Amino acid sequence: MPLVSDAFIDGRWVPGAARFVVRDPFDDAQVAEVTDCGEAEVDAAIDAAARAFGAWRQKPALERGKLLAQLAAAMLRDERRLAELCTRENGKALKEAVAEVRYAASFFDWFAGEAGRAYGETIPGSRPDQRIVVTREPVGPCALITPWNFPYAMLARKLGAALAAGCTTVAKPAELTPLGALAIAQLAEQVGVPPGVINVVPTTNARRCGAQLLASPAIRKLSFTGSTAVGRELLRTAADDIKRVSLELGGNAPFVVLADADLDEAVAGAMVAKFRNGGQSCVAANRFIVERAIADAFVARLLPQVQALVVGRGLDAGTDLGPLVDDRSVAKVRRLVEDARAKGATLLHDAPIRGRLVGPVVLGGVTPAMDLWREEIFGPVIAIRTAADEADALAQANDTEYGLVAYVFTRDGARQQRLAERLESGMVGVNTGLVSTAQAPFGGIKHSGFGREGSRHGLDDYTHLKYVSTR
Ligand code: SIN
């Protein structure tokens with residue numbers, strides 16, 4: 001299938017007046033030249049989504065579900081090409097890209113089933129002649145703004161839910177990685193999703209595009225994944241038109257290892273929670289909090305695994321960590337490590353930075369005064385602080401304005417319950433470093449946002465309840 005790089009509006013591929021270049025983060029090679037949507041294209045996409053809404057919402061839910069199932073199957077059939085495309089625009093290791101394609105397809109598959117399960121309810125009335133019926137209706141055309149770290153999956157879990165609910169969409173992918181969203185649109189077109197239901201508007205002017213989407217009365221909902229700073233700004237703007245909003249924002253995940261943990265399990269969890277996608281994930285473990293009694297033993301088991309990680313070109317066989325996505329990301333990791341070292345952190349493992357290839361770093365003796373304890377690292381850096389006991393570990397873990405995910409390792413069932421209940425986050429991984437899966441509600445609390453993606457709750461953000469009282 002040919003690489004598509006035009007915007008996708010109303011079922012047509014639109015070259016647009018301006019173009020921008022997408023480059024491979026590994027060597028800056030040109031991957032594609034993509035339509036740079038301006039106001040006219042974004043307006044056309046909004047109009048198309050608004051026009052398509054009436055027919056799409058009327059389509060029987062099972063038929064919408066069937067199209068989603070076909071889209072999932074099409075992605076899996078095309079897995080290798082899609083994964084390579086992802087590695088080329090994002091840099092991630094090919095095996096991570098393959099995992100991402102499967103993860104993205106799993107959302108289409110999940111919501112294929114959920115489309116037919118958008119159940120309403122009947123409620124006993126307050127008079128003998130009153131009938132109360134509650135139905136779920138699609139909120140309307142939705143704006144979906146997605147980040148560069150998982151170009152397929154972050155769109156799929158919004159798009160799957162929106163389409164299942166009967167909403168139409170305008171998707172604005174990240175400037176660094178627009179090709180994933182366009183590839184999904186191409187497959188959707190192929191399986192027969194009608195024109196206007198999915199529109200994709202790549203742009204170099206995210207701020208203007210976001211403002212335009214939010215200013216349009218036709219757009220009834222915004223779903224955004226990205227930084228807390230941008231999410232806050234979008235939320236303020238969305239208030240003007242009282243639009244529905246869901247926000248999946250930054251994280252600062254604690255990774256707690258208690259003295260009774262199975263250390264092999266904890267190390268395996270740490271490798272996933274930290275190095276999945278090179279640490280460029282909102283659910284990446286950011287703060288390792290290890291009970292003092294086993295801290296040395298944990299580090300001793302961790303280091304050989306960290307040292308074995310292969311850093312290189314994402315497309316090369318055997319690569320574990322591809323390049324970070326851009327120079328800004330590299331500079332941030334460098335700054336955070338330098339700051340930590342200047343404030344007294346001990347370097348337990350280091351790797352040279354070559355271009356955008358950033359090897360794993362392990363730091364001990366970390367304190368809350370260090371910037372990396374407060375900021376999302378978004379890179380392959382393990383920052384370890386010790387805790388005196390369970391209570392101290394819990395206090396440290398909750399000492400953040402973020403609340404997306406927390407990880408805890410302990411063999412004690414009572415501690416598992418206690419910590420899962422007391423950790424302030426939308427998700428908790430107990431003895432696992434990976435919580436993401438289509439059938440579970442993904443999302444955060446506090447400054448990590450609100451709304452849930454995936455699971456049966458994923459439809460809620462794209463539907464409203466209508467109550468009909470009949471006499
Ligand atoms: C994210 O980094 O925003 C999400 C990653 C995931 O779905 O696991």
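Which residues line the largest cavity? Let's take a friendly walk through this predicted model to find out.

## The largest cavity

Across the whole structure, a search turns up 6 cavities of 30 Å³ or more. The largest cavity holds about 80 Å³ of space, and its lining is made up of Tyr103, Asn149, Phe150, Met154, Arg157, Glu248, Arg276, Ser281, Cys282, Val283, Ser436 and Phe442. Sorted by class, that lining has 6 nonpolar, 3 polar and 3 charged residues.

Domain 1 (7-249 + 448-470) and domain 2 (253-438) each supply at least three residues to the lining of the largest cavity.

## The ligand inside

What fills this space? The largest cavity is the space taken by the ligand. Among the residues around the ligand are Tyr103, Phe150, Glu248, Arg276 and Val283. The shell around the ligand comprises 6 nonpolar, 3 polar and 3 charged residues.

Both domain 1 (7-249 + 448-470) and domain 2 (253-438) give residues to the shell, so the ligand lies between them.

## Polar contacts and burial

Three residues of the shell are worth a look for their distances to ligand oxygen atoms. Ser436 places a polar side-chain atom 2.5 Å from an oxygen atom of the ligand, and Arg157 has a polar side-chain atom 2.9 Å from a ligand oxygen atom. Cys282 takes part through its backbone: an N or O atom there lies 2.8 Å from an oxygen atom of the ligand.

How much of the ligand does the protein bury? Taken alone, the ligand exposes 260 Å², and the protein buries 100% of that.

Technical notes. Residues are numbered from 1 along each chain as its sequence is written. This is a predicted model: local features need pLDDT of at least 70, side-chain atom pairs count only at pLDDT 80 or more; totals for chains, interfaces and linings use all residues. Side-chain values use heavy atoms; hydrogens and water are left out. A residue is near a molecule or strand if one of its heavy atoms lies within 4 Å of it. A polar contact is a pair of N or O atoms within 3.5 Å; within protein, one must be able to donate a hydrogen and the other to accept it, and residues adjacent in sequence count only if both atoms are side-chain atoms. Accessible areas come from the Shrake-Rupley method with a 1.4 Å probe; for residues, only the protein chains shown count as cover. On a 1 Å grid over the protein atoms alone, a cavity is a set of points where a 1.4 Å probe fits but cannot get out, and a pocket is an open set with protein on both sides within 12 Å along at least five of seven lines; lining residues have an atom within 4 Å of a point. A molecule sits in a cavity or pocket if more than half of its atoms lie within 2 Å of its grid points. Ala, Val, Leu, Ile, Met, Phe, Trp, Tyr, Cys and Pro count as nonpolar, Asp, Glu, Lys and Arg as charged, and the others, Gly among them, as polar. Domain bounds come from an automatic or database domain assignment. Grid points are joined across faces, edges and corners, and a volume is the space filled by probe spheres set on the points.
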